[in-house]
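Colleague: I would love a close look at one part of this model, namely the sheet in chain B and what surrounds it. Could you walk me through it at bench-side pace?

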Amino acid sequence: MEKNRFDMGDIDIAWCPGCGNFRILQTVQETLEKMGKAPEEVVFVSGIGQAAKTPHYMKSHFFNGLHGRALPAATAIKAANPGLTVIAESGDGDMYGEGGNHLIHTMRRNPNITNIVHNNMVYGLTKGQASPTSRLGMVTPVQVHGVFEEPFNPMAMAIAMNASFVARAFSGHPEQTGEIIRQAIEHKGYALVDVFQPCVSFNKMNTLKWFADNTWYVDGSYNPTDRAEAFKTVTAEGKFALGVLYVNERRIPFEENLPAYKRSNTPLYMRSPDREKLAELIATRK
Amino acid sequence: MINDVTIVLGGQAGQGIQTIEFILARVLKRSGYHVFSTKEYMSRIRGGQNTITLRAADRPVSALTRHIDILLPLDPGILEHVADRMTVDTVILGDAEALSLDRAVLDAPISRIAREAGGKIYESTAAVGVLAGILEADQTILRDYLRVYFRGKKPKVIDQNCAAADLGYAAGRKLCEDGSLSYSIARDEKTADRILVNGAEAVALGAIAGGCNFISSYPMSPSTGVLTFLASHDDTFDIVAEQAEDEIAAVNMAVAAWYAGARAMATTSGGGLALMGEGISLAGVLETPLVIHLAQRPGPGTGLPTRTEQGDLELALYAGHGEFPRVIYAPGTIEEAFLLSARAFNTAARCQVPVFVLTDQYTMDTYYDIPEFELEAISVEKHIVETNAGYQRYRLTEDGVSPRGVPGYGSGLIAADSDEHDEDGHITESMTVRNAQVDKRLGKMELIMKDPVPPVLTGPEDFRVLLVGWGSTCQPIREGLERSGRTDTAHLHFPQVYPLPHQAQGYLEQAEKVIVVENNATAQFGKLLILHGGREPDGAILKYDGLPFTVEELADAITEID
């Protein structure tokens, strides 16, 4: 087998043996390779957490910024150079907790980026506290009486916000996950892929088996453009639906609305200010 | 005869004083007068008491005066609001009947003129006419300007505005001819080619000249003018202008935009900058350039949202955790606002550090006629390299600056990491690498120190007393010092407050007495002088009521110095 161009080779990885992150990393690398992407055209953007270290293990450009702030950064990178493939990849605490406000507004902006969220329903890097997606009753060193706050439902919020691509995957199913991520990258606009994954060190409740037992795939009869049906599906009691759950192809990506790209798609780094027009503007102040 | 007239327009928000001032200032300048204008206003959309001070003179004027020659109150409440600025010579001009004051009012029948011209909506133009008549502005220029100002309106509306202005002008002339008023301002034909640009526009225009093509900000008084100006010209100059959901998003967007090759700025005020702290630190560790415009207003907390203060120097100096270099510019004139804003982009790109442009509400809302900006003096320095495979974003170099690549330009990969990182940009916990990277980042300070914006001395070179100021106090101190008549005192203005330029040393050593003049309560720059200039100030002239210094109060304070 040819070496994957996104593979960093023999490196020291900070994740625990058996962590779901490994499968997601490999799936993303294989998907990009299959899509014919080159490392020089892809930028990974992340925040802080175990999942947020993913870009360090990927041969590509990356911007590993602040906790919770991957989405504004990814939006800006895409807006500064629309020719780049931008993937914001991080964990549930980073994207749904610390970065919650940005999640809402990125859905409104609809930049043409892919947002992969490793969702293990627990905080790993800070050692086992609840995450916004932790299930009710989970006991942790902080939530000592069990989680009693309503778990965040990213799928329902995304559909409520009319996010243009909403999907859920499971790290234990790399083939299906790869296909979902491929569609997300190809989608023009903001694409959210929430990926269930086990945390072998801190989440004894939601294990690999638990996820396998508590999920189901939407099939060919499911119409992802039906918003009401999609909302019903992601808010239903019981097992979690996997697959591409909602798509709105009518929304225009953020960059395409920007006047800066009406005349040309030249990235901003290649441009210089129009001196003549500036002189004209200043002269109007006489 | 008076050749420097201070007119104060006062009214409730929404009463039209801004329209009067806007038209009048431009007509006066085109007529050959030098003009200055600034405003103070309450934090409300309608009502309250707001004033605009307009100076017209036979020579360039660039600072706020306290006294009022002519007060035009559109609302009786204004008199109490400006009571401490009135003198025995202040003329109150207006509709005597409508104002019904217990003080003498020089009758200018603005509402009657407006009715004659066609209705109440012409009151502002009638008032412009009266004031233009009193100052004997060129009536043809007035008519021509009104046609430009109201272009797009129906011909009848334009004609009636001109009629209101004509009637007002005649009424104004009559007040002078019957001896009630007398001003004599010599005309200077050079004013025609000079420009009127306020601080907000100067910062925005300077940013464009410096290559700014990305602005992400959250609206906050008094910094918003820069955002709205750039947004309103986004299609002409291909600027990505985005209103972020909060200041945290704004600064993270700006840092990431620079990473991807844009030249980005965020504009904000104190509260917003407090939220940006972590993002500023991010720029520090990523070594991405960053430009932040900080328009100060009084804090703490919400403070006085529409007023002015120089209370956030220390915030700009220390914002962001950890240790990394930065640069802080503090323009004191409109020209400096333009030039330093442009320069901020080049300094940020060259040294890969956050650069602050520190202004305030007074700067944002003030303008006076100045020569046209010289664009030839400004170049856009990109400091970007084409990368090859094996490129290292944080390569150790002699001056600490690692050549900056951007994604998509060359075959190298651009790794930017907020963790401590090695030369490749990957996470490390090696203490050796840590030390090397800290030394590299802090080493850039030497590069910054090599090319500072020097302080500007005004007054006698053999001074005994040195007045030290920064930012917007520059012009009021200059004129205040001139009026004080002191020959043993000079003024040292700092357009760059941090790092303290080395050129300051000689002046500080020469001074028998250093007096800092600051629009804050704790002499923040005075503290910086102790820390970085090794000179403890001998006194301070401070003001922190939310208003800028006036020429008169500074002249008085300067006169009193031993």
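Which residue in S14(B) does Phe36(B) stand opposite?

Modeller: Happy to, and please keep in mind that this is a predicted model. Phe36(B) stands opposite Tyr368(B) in S14(B). That pair belongs to the join between strand S2 (residues 34-40) and strand S14 (residues 367-370) of chain B, which are antiparallel and held by two bridges.

Let's step outward from there. On one side, S14(B) meets S7(B), again antiparallel and again through two bridges. Here Ile195(B) has Ile370(B) of S14(B) as its bridge partner. On the other side, S2(B) pairs with strand S3 (residues 47-57) of chain B in the antiparallel sense, over seven bridges. Within that pairing, Glu40(B) sits opposite Thr51(B) of S3(B).

Put together, these strands belong to an open sheet of eight, which you can trace in chain B as S6-S5-S4-S1-S3-S2-S14-S7, with mixed pairing. The edges are strand S6 (106-107) and S7 of chain B, each of which pairs on one side only. Helix H1 (residues 17-30) of chain B packs on this sheet, where it touches strand S1 (4-13), S2, S3, S7 and S14 of chain B. The direction of H1(B) makes about 5° with that of S3(B). If you are following the side chains on screen, a general rule helps: in a regular strand they alternate between the two faces of the sheet.

Now for the chain around the sheet. Chain B contains 20 helices and 21 strands. Of its 562 residues, 57% are buried. Taking contacts in chain B between residues at least 6 apart in sequence, 75% join residues at least 24 apart. The C-alpha atoms of chain B fill a box of roughly 85 × 60 × 40 Å along the principal axes. A compact globule with 562 residues would have a radius of gyration near 24 Å, so the 26 Å of chain B agrees with that.

The edge strand S7(B) also leads us to the other chain. In total, 54 residues of chain B are in contact with 45 residues of chain A. Strand S7 (195-196) is among the elements of chain B that give two or more residues to the side touching chain A, and others include helix H8 (199-209), helix H12 (270-286) and strand S15 (415-417). The most comes from H11(B), with seven residues. By type, the residues on this side of chain B are 32 nonpolar, 12 polar and 10 charged.

S15(B) deserves a last look. S15(B) pairs with strand S2 (residues 61-64) of chain A in the parallel sense, over three bridges, and Ala415(B) is the bridge partner of Phe62(A). Through this pairing you arrive at another open sheet, with nine strands in the order S7(A)-S8(A)-S5(A)-S6(A)-S4(A)-S3(A)-S1(A)-S2(A)-S15(B) and mixed pairing. Its edge strands are strand S7 (215-217) of chain A and S15 of chain B. On average, neighbouring strands of this sheet are turned by 20° against each other, direction ignored. Further along, strand S5 (residues 165-170) and strand S8 (residues 240-247) of chain A pair in the antiparallel sense over four bridges, with Phe165(A) opposite Val247(A).

How values were computed
Residues numbered from 1 in each chain as written. Chains lettered and ligands numbered in written order. Predicted model: local features only at pLDDT ≥ 70, side-chain atom pairs only at ≥ 80, totals over all residues. Contact = placed C-beta atoms within 7 Å. Nonpolar A, V, L, I, M, F, W, Y, C, P; charged D, E, K, R; others polar. Pairing = 2+ DSSP bridges. Axes fitted to C-alpha atoms, helices over the stretch in contact; angles between N-to-C directions. Rg over C-alpha atoms; globule rule 2.2 N^0.38 Å. Buried ≥ 20, exposed ≤ 12 C-beta atoms within 10 Å, placed from the backbone.
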